[in-house]
Every structure is written in structure tokens, then in C-alpha cells.
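This report describes the sheet of one protein and the helices that pack on it. The sequence and structure come first.

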Amino acid sequence: LHVVKHNQGVRVECEHDFSTEPGIFLNGAVVYGYNGVLVHECKFDPSVLTLIVSLFEKDLHQVVVMPCSGDEIFAPVKSEISMYLHVKYSDPLPTIFSDYRAMLHAMETKSIHMITLLTAPGEESRIVAALTELFGNNQYTIVTSVLRQVSILPPHSTKGAGLHVLAKYLNVAQATIAALGDANNDIEMLD
């Protein structure tokens with residue numbers, strides 16, 4: 001491990017390649033075993049993405065709907081908002097489209113594991129309220145893990161559920177696992 005200072009603060013980097021190690025990704029929507037073998041995935045029906053886009057598409061200056069598929073993230077346009085996670089946290093660079101229509105068309109052939117909504121500063125509670133009103137107490141999980149990010153997960157997707165699947169795959173008793181977290185999307189994993 002080594003510490004890298006940059007204009008946004010400090011980031012800890014590791015030179016180890018974790019791509020062949022078992023792990024939980026996208027808040028538990030995807031679980032990989034050894035050598036990148038897909039052990040478990042939860043995904044959305046594409047109509048859910050279309051519904052969320054229809055709710056926010058006219059509000060591009062305040063919120064950008066960005067679906068995730070595996071380690072890829074997609075954005076309808078390049079903007080300060082759509083580039084936020086990449087710039088601030090070194091998340092993968094999003095694939096940029098010309099508009100929502102082009103993005104939705106491309107997503108027809110992809111597995112949608114998580115839908116992230118990136119917002120202008122201070123908009124998170126409005127977005128959570130709109131999604132909660134849209135879906136009610138449905139099976140979807142709505143989480144906010146960092147400032148300006150609201151994510152919606154498919155049914156049965158939490159880090160806790162992913163940890164359970166991974167423990168079963170590894171044949172490890174959950175009572176022997178230590179988990180660390182720093183945001184509200186980690187709560188189920190810590191229970």
C-alpha cells in the first residue's frame with residue numbers, strides 16, 4: 001500500500017491485482033469467486049432504468065442517471081456531474097453517450113447491476129424522496145454511500161447479502177468474517 005496526495009485529498013493505492021480474488025462488488029449485486037468466476041449476480045429489468053430515466057431526464061443539470069454493468073458505468077452526457085465519481089474517487093471513467101436515448105439503447109444488451117444517480121450538491125435527499133415515492137416499499141434498496149451519489153439496487157442486493165453468498169461459496173462460517181464499513185450502504189454487511 002502507498003499513499004498518494006492529490007488536489008482532492010489523499011488516496012491509498014495498492015499494487016496488488018484483486019481481479020482474480022473473490023469479492024463483493026456494486027453493493028452486493030455482483031459476487032466473484034476465484035479467477036473472476038461469476039458466483040452470483042442480481043440485475044434490473046431494463047424497464048426499471050427506463051422508468052428512472054423518464055423521471056429525471058429533464059433535470060440533467062441537477063441529476064444524471066448512470067447505470068452500472070459489471071465494472072462499467074455509463075452516462076448520457078459528459079458533465080461535471082457525470083464525471084464526479086471518476087474525478088473525486090478514481091472510479092472507472094464512464095462510457096459517455098450523446099443523450100439518454102442512446103444510452104438506453106446500448107443498455108438493452110447489458111446486465112444492469114446498479115443504477116447510480118449523481119447529483120448537484122445538496123440534491124441527494126430530493127432524489128431519495130422521488131425514488132421512494134416511485135417505488136414505495138418495493139424490493140429495491142436505495143442507498144447513499146458518498147456525497148452526491150444515490151444508488152438503487154436490484155432485489156436481494158446488499159453488501160450483507162453478497163457477503164452471505166461469498167461466505168457460502170468459500171465455505172467459511174459468517175461468524176468468522178470481519179467486515180469494515182464507512183457508509184450507510186455498509187449497514188447490512190455489518191449486521
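In this predicted model, six strands make up an open sheet of mixed pairing, and their order is S8-S7-S6-S9-S11-S10. Strand S8 (95–96) and strand S10 (141–143) are at the edges; each has a single partner strand, so one side of each lacks a neighbour in the sheet.

At the S10 edge, the pairing between S10 and strand S11 (residues 149–153) is antiparallel and comprises three bridges. Within this pair, Ile142 is opposite Ile152 in S11.

Two helices are described here against the sheet. Helix H1 (residues 46–56) lies across strand S6 (63–69), strand S9 (114–119) and S11. Helix H3 (residues 100–107) packs on the sheet, where it touches S6 and strand S7 (72–75). Their directions relative to S6 are tabulated below.

| Helix | Residues | Strands involved | Angle to S6 |
|---|---|---|---|
| H1 | residues 46–56 | S6, S9, S11 | about 165° |
| H3 | residues 100–107 | S6, S7 | about 15° |

S6 thus appears in the packing of H1 and in that of H3.

For the protein overall, the secondary structure consists of six helices and 11 strands. Of its 191 residues, 39% are buried. Among contacts in the protein with a separation of 6 or more, 58% are between residues 24 or more positions apart. The exposed surface of the protein comes to about 10600 Å², with 54% of it supplied by carbon and sulfur atoms.

How values were computed:
Residues are numbered from 1 along each chain as its sequence is written. This is a predicted model: local features need pLDDT of at least 70, side-chain atom pairs count only at pLDDT 80 or more; totals for chains, interfaces and linings use all residues. Side-chain values use heavy atoms; hydrogens and water are left out. Two strands pair if DSSP finds at least two bridges between them. Helices (H or I, at least four residues) and strands (E, at least two) are DSSP runs, numbered from the N terminus. Contact means heavy atoms within 4.5 Å. Axes are lines fitted to C-alpha atoms, for helices over the stretch in contact, and angles run from 0 to 180 degrees between N-to-C directions. Buried means under 20% relative accessible area, exposed over 50%, partly exposed in between (1.4 Å probe, protein chains only). Accessible areas come from the Shrake-Rupley method with a 1.4 Å probe; for residues, only the protein chains shown count as cover.
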